[in-house]
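Dear colleague,

I am handing over the structure we spoke about, and below it you will find what turned up when I went through it. Please keep it open beside you while you read.

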Amino acid sequence: MNTPIFLVGARGCGKTTVGQTLAQALGYTFVDTDHWLLETTQKTVAEVVASEGWEGFRLRESEALHAVTQPAAVIATGGGMVLAERNRQYMREKGKVIWLAADAAVLAARLEAQPEEGQRPTLTGRPIAEEMRQILAEREALYRHAAHHIINAMQQPAAVTTQIRQALSLAHAS
Ligand code: ADP
Ligand code: MG
């Protein structure tokens, strides 16, 4: 199997961290839609949102998804990638979709420890734990619907990586 592996989930669930480890273990390329956007637009997520609004950002996010999708790649997607039906459908058709699931409190603690404010504008301006609860309430069904496999992301990154490989029956590097 060398179909692309899409990692979905809220900010802080470990898409970048786990994605890099997983790609290395499999000998796959690692790509990140947020990183692609940054390189292509030469703007941070916050700057794109400021100049083009969230709607403009979502369009660019779909564009990024198409641009980075390739065989033998682990693709970390932006937290809101699943919001658009077109993106969910595209990922399910083109590859395997993994939801890295974690509680709001865990996500909030991780983001507070490393906020990277420029990269990660808060969506609501409210405390981060509250915001993560609201985001999960809104998106959980979408992550679940998009995913071929749901992985508990509240474990050490190495354990998360192993579980993904088991779920996909990718026990050996290829
Ligand atoms: P995402 O790309 O999904 O937004 P990141 O990979 O950037 O998430 O991780 C966000 C923060 O949480 C980082 O500081 C990272 O080191 C930490 N982190 C990610 N995965 C785990 C994990 N499984 N256990 C503990 N901390 C983690
Ligand atoms: Mg990331």
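T33 is buried, since its relative accessible area is 0%, and you should bear in mind throughout that this is a predicted model. The residue sits in helix α2, which covers residues 33-41, and, once neighbours within four places in sequence are set aside, T33 is in contact with A64, L65, V68, I75, A76, T77, G78 and M81.

Turning to charged pairs, a search of the whole structure gives 5 salt bridges. One of them joins R11 to E131, with the closest N and O atoms 2.5 Å apart. Because R11 lies in the loop between β1 (5-8) and α1 (15-26) while E131 belongs to helix α6 (residues 128-146), this pair ties together parts that are 120 residues apart in sequence. Both ends count as buried, R11 at 17% relative accessibility and E131 at 0%.

Another salt bridge links the side chains of E61 and R58, at 3.0 Å from N to O; these two residues both lie in helix α3 (residues 45-68), 3 residues apart, which is about one turn of the helix. E61 is buried, with a relative accessible area of 2%, and R58 is buried as well, at 19%. Salt bridges with shared partners also join K43, E52 and R60 into one network.

Within that network, the side chains of K43 and E52 meet at 3.8 Å, N to O, and here K43 counts as partly exposed at 30% relative accessibility, as does E52 with a relative accessible area of 29%.

With best wishes

How values were computed:
Residues numbered from 1 in each chain as written. Chains lettered and ligands numbered in written order. Predicted model: local features only at pLDDT ≥ 70, side-chain atom pairs only at ≥ 80, totals over all residues. Heavy atoms only, no water. Helix = DSSP H or I, 4+ residues; strand = E, 2+ residues; numbered from the N terminus. Buried < 20%, exposed > 50% of the residue type's maximum accessible area, 1.4 Å probe, protein only. Contact = heavy atoms within 4.5 Å. Salt bridge = Lys/Arg side-chain N within 4 Å of Asp/Glu carboxyl O.
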